[in-house]
Amino acid sequence: MITSSFQASVAVCALVILHVSALDTFIAAVYEHPVLRPKATETPVSRDDALLHMNKNIDILERAIQQAAAQGAQIIVTPEDALYGWKFTRETIFPYLEDIQDPRVAWIPCQDPHRFGDTPVQARLSCLAKNNSIYVLANIGDKKPCNSHKSTCPPNGYYQYNTNVVYDAKGQLVARYHKYNLYSEPQFDAPENPELVTFNTAFGKFGIFTCFDILFHDPAVTLVKDLQVDTILFPTAWINVLPLLTAIEFHSAWAMGMRVNLLAANIHHVQQNMTGSGIYAPDSPKIFHYDMKTSEGKLLLWELNSHPRNSPDYPAAVDWSAYATTIKPFPVQKNTFSGFMSRDEFNFTELFENAGNLSVCHKDLCCHLSYRMLRKGNEVYVLGAFTGLHGRRRREYWQVCTMLKCKTTNVTTCGQPVETALTRFDVFSLSGTFRTKYVFPEVLLTKVKLSPGKFEVLKDGRLVNKNGLSEPILTVSLFGRWYTKDSPSSSGGIRNLETTNLLIATFLMIIVLQIL
């Protein structure tokens, strides 16, 4: 009787411990994958050849998934384009595509691989999740037949989507997301409307989007702000762009700005400047990887809070313009000058002294900086401001305040990519008169590294250092996105070129018929 009661008590305690553990924390994994690309992506291949190639990549992913599961990971994210690479046409990507079902069909492809036709890739991914008892996110291509009489139906009779799938620990398909904001992907279509995809687990509520989506309001912001997800799963094929948009820099900043967990898995392909994966929490980056020297993949794991909003350490909401709009602007240097960064014309002012207070404005955005360097060496730093539609496409409206190192001592190089620095700061405080509440705080150190625990954002919108002297700094930035001022063409995604050309041709034909 005593033994029985003791065993029952142990069992109850074990269940309670497991329950609390499952609810409170989870071990996350992301894998930076050195994708094997086909030798030719502009020449059609057979379905068998496409499967052979994808299985070679899945072989690599399988080893990473097994390693993650063996170390206790409950979920793993693999990158965008991880099964076949990129730079396809609509015709050449087609053999790589499968018909991916709506998760509401309650399907375990591993157990019933032929239920929906030719789905060997989905079956294998499902088995990887099932056999390793781990949630798996993978990025593959979906094809959906369409009515050829419909004006938006592509000539081959199929919509083709860049797609994320998630299988749970039993191998069941629990999520499917079609990428909305495409970037140089003529092989794919954007769905008519952004999809808001979430799924619930014992360790939190998850949302999904892909790569370029992170720069837009939908679906990214809506998932966090309106649907209250705990963690975002983010596969990407991200090309690093210094000084503001390297993968680890912006993705960690987005997690802090949105106050949400972010699991970011990038492709590893140094020839295309692709690297940078990480596991990011609302308060700080937890683990990250940036490697431009080797061709090897990298598995990252970290234990995260399942419900960060319930944590006593959850960051307070920030009023990004509170401080900057209530102070008198610091003196503006007489030699303020303009310079280009990422195709945008910034106003810059140089940090001439070892310490000081500076302001620089661009249109209605004024950026304020207080700083003190350990010593001013033979390096030039500037404070910069930009507000407006970004870049060549002029679709996304940016507001940016940045302190950055110039490439050389010639100020005409300010804003150009630079990877190393020597100057350390023991004080910096950056703020701006932002007109948007969506601002992402970036600090990037020499050799393209992050600075966990060495800076913080105050409730009044100041980005400041803490815990003393910094490592040499490349940039300290507040990257704002004013979504409501985006140009209308950005809100519907970037449609594939063939569909766009078809619509243009139809429109021109109507005009010709009216003239005749």
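**Entry 1: Lys179**

I began with Lys179, which is buried in this predicted model, with a relative accessible area of 2%. I located Lys179 in the loop between strand 5 (173-178) and strand 6 (198-201). I then listed its contacts, leaving aside neighbours within four places in sequence. Lys179 is in contact with Glu80, Asn162, Glu185, Asp189, Ala190, Pro191, Thr210, Cys211, Phe212 and Asp213.

**Entry 2: The annotated set**

I turned to the UniProt record, an unreviewed entry, which places the feature "active site" at Glu80, Lys179 and Cys211. I checked how these positions are arranged and found that they cluster in space, with a largest C-alpha distance of 10.3 Å, although they are spread over 132 residues of sequence. I also looked at the largest pocket: its lining takes in Glu80, Lys179 and Cys211 from this set.

**Entry 3: Glu80**

I looked up Glu80 next and found it in the loop between strand 2 (75-77) and helix 3 (90-93). Glu80 has a relative accessible area of 2%; a residue counts as buried under 20%, so Glu80 is buried. With neighbours within four places in sequence set aside, I noted that Glu80 is in contact with Lys179 and Cys211. The other contacts of Glu80 are Asn139, Asn162, Glu185, Thr210, Pro235, Thr236, Ala237, Ala265 and Ile267. I recorded that Asn162, Glu185 and Thr210 appear in the contact list of Glu80 and also in that of Lys179.

**Entry 4: Asn240**

I moved to the loop between strand 8 (231-236) and helix 6 (247-258), where Asn240 lies. Asn240 is buried, at a relative accessible area of 6%. I computed the C-alpha separation of Asn240 and Gln272 as 8.7 Å, for two residues 32 apart along the chain. Apart from neighbours within four places in sequence, Asn240 is in contact with Leu245, Thr246, Ala247, Asn273, Met274, Thr275 and Tyr290.

**Entry 5: Pro109**

I looked at Pro109 in the loop between helix 3 and helix 4. Pro109 is buried, and its relative accessible area is 0%. The C-alpha atoms of Pro109 and Ala123 are separated by 4.5 Å, although the two residues are 14 apart along the chain. Not counting residues up to four places away in sequence, I found that Pro109 touches Gln122, Ala123, Ser126, Tyr167 and Gly171.

**Entry 6: Helix 2 and helix 4**

I examined the pair formed by helix 2 (residues 47-70) and helix 4 (residues 120-132), whose axes come within 10 Å and cross at roughly 10°. Angles under 35 degrees count as roughly parallel, and helix 2 and helix 4 are therefore roughly parallel to each other. I listed the residues that make the contact: from helix 2, Arg47, Leu51, Met54, Asn55, Ile58, Asp59, Glu62, Ile65, Gln66 and Ala69. Helix 4 contributes Pro120, Val121, Arg124, Leu128 and Asn132. I sorted the contact of helix 2 with helix 4 by class and obtained eight nonpolar, three polar and four charged residues.

**Entry 7: The protein as a whole**

I closed with totals for the protein. I counted seven helices and 23 strands. Of the 516 residues, 54% count as buried. Among contacts with a separation of 6 or more, I found that residues 24 or more positions apart account for 71%.

Technical notes: Residues are numbered from 1 along each chain as its sequence is written. This is a predicted model: local features need pLDDT of at least 70, side-chain atom pairs count only at pLDDT 80 or more; totals for chains, interfaces and linings use all residues. Side-chain values use heavy atoms; hydrogens and water are left out. Axes are lines fitted to C-alpha atoms, for helices over the stretch in contact, and angles run from 0 to 180 degrees between N-to-C directions. Helices (H or I, at least four residues) and strands (E, at least two) are DSSP runs, numbered from the N terminus. Angles under 35 degrees count as roughly parallel, over 145 as roughly antiparallel, 65 to 115 as roughly perpendicular and the rest as oblique. Contact means heavy atoms within 4.5 Å. Ala, Val, Leu, Ile, Met, Phe, Trp, Tyr, Cys and Pro count as nonpolar, Asp, Glu, Lys and Arg as charged, and the others, Gly among them, as polar. UniProt positions are given in the numbering used here, feature names are shortened, and annotations may be inferred rather than shown by experiment. On a 1 Å grid over the protein atoms alone, a cavity is a set of points where a 1.4 Å probe fits but cannot get out, and a pocket is an open set with protein on both sides within 12 Å along at least five of seven lines; lining residues have an atom within 4 Å of a point. Buried means under 20% relative accessible area, exposed over 50%, partly exposed in between (1.4 Å probe, protein chains only).
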